[in-house]
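Work through the exercises below with the sequence and the model open side by side. Each task is followed by a solution in steps.

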Amino acid sequence: MTVISGKSNVFDEVRCNTVFLCCASFEGRCLSVAKNLDMSKVAASYVFQYKEFKCQTDIKAKRLMKRLKCNSTIELSNSNPILLTDAFVKVLDEIVEIHLDSNLLIDITTFTREGLLVLIKLLK
């Protein structure tokens, strides 16, 4: 696993056959990585969205889905860790099944801390 820090240019590190995960937010920064990503290197994308903030994040979620050619978002829960974990497990299982030899790029910008902790634990 390669961790790309803020000191390197993330876009120079993206390889072909990459699976990209990101989270919709009410903030414009949730679009910054997706907007600059070379889509010819992306095999699949998953846009997550916290159901508790859906009203505030729908516009950015739609922009992410259009840019990343996704048909839907994956619903996360900020108040229910079981639903949050189940959503991540479902997506990771799909990635393993369909994109086993792919690289994984996660834009951590707008996931919640709890969501990131669960995701990192599942990836280990």
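**Exercise 1. In this predicted model, find what phenylalanine 111 is in contact with, leaving aside its neighbours within four places in sequence.**

Step 1. With those neighbours left out, the contacts of phenylalanine 111 include Cys22, Cys23, Phe48 and Tyr50.

Step 2. Leu76, Phe88, Ile106 and Leu116 are also in contact with phenylalanine 111.

**Exercise 2. Which residues of the largest nonpolar core touch the most other members, and which elements give two or more residues to this core?**

Step 1. The core holds 19 residues, and those touching the most other members are Tyr46, Phe48, Leu76, Phe88 and Phe111.

Step 2. Three strands give two or more residues each: E1 (18-23), E2 (42-50) and E3 (73-76). Helix H4 (81-98) and helix H5 (113-123) do so too.

Step 3. H4 supplies the largest share, six residues.

Step 4. There is also a second, separate core of 18 residues, with Cys22, Leu31, Leu37 and Ala61 among them.

Step 5. As background, nonpolar side chains in soluble globular proteins tend to be buried together.

**Exercise 3. Is histidine 99 buried or exposed, and where does it lie?**

Step 1. Histidine 99 is found in the loop between H4 and strand E4 (103-106).

Step 2. Its relative accessibility is 15%. The cut-off for buried is under 20%, so histidine 99 counts as buried.

Step 3. Leaving aside neighbours within four places in sequence, histidine 99 is in contact with Val19, Ala43, Ala44, Tyr46 and Glu94.

**Exercise 4. Describe the order of the elements and how compact the protein is.**

Step 1. The protein has five helices and four strands. Read from the N terminus, they follow the order α-β-α-β-α-β-α-β-α.

Step 2. The radius of gyration is 14 Å, close to the 14 Å given by the globule rule for 124 residues, so the protein is as compact as a globular protein of that length.

Step 3. Along the principal axes, the C-alpha atoms fill a box of roughly 35 × 30 × 30 Å.

Step 4. Of contacts between residues at least 6 apart in sequence, 78% join residues at least 24 apart.

**Exercise 5. What share of the residues counts as buried, and what supplies the exposed area?**

Step 1. Of the 124 residues, 40% count as buried.

Step 2. The protein exposes about 7800 Å², of which carbon and sulfur atoms supply 54%.

Step 3. For charge, there are 17 positive and 14 negative side chains, with the centres of the two sets 7 Å apart.

How values were computed. Residues are numbered from 1 along each chain as its sequence is written. This is a predicted model: local features need pLDDT of at least 70, side-chain atom pairs count only at pLDDT 80 or more; totals for chains, interfaces and linings use all residues. Side-chain values use heavy atoms; hydrogens and water are left out. A nonpolar core is a set of buried Ala, Val, Leu, Ile, Met, Phe, Trp, Tyr and Cys residues joined through side-chain atoms within 4.5 Å. Buried means under 20% relative accessible area, exposed over 50%, partly exposed in between (1.4 Å probe, protein chains only). Contact means heavy atoms within 4.5 Å. The radius of gyration is taken over C-alpha atoms; the globule rule is 2.2 Å times the number of residues to the power 0.38. Accessible areas come from the Shrake-Rupley method with a 1.4 Å probe; for residues, only the protein chains shown count as cover. Lys and Arg count as positive and Asp and Glu as negative; His and the chain ends are not counted. The place of a charge is taken as NZ of Lys, CZ of Arg, CG of Asp or CD of Glu.
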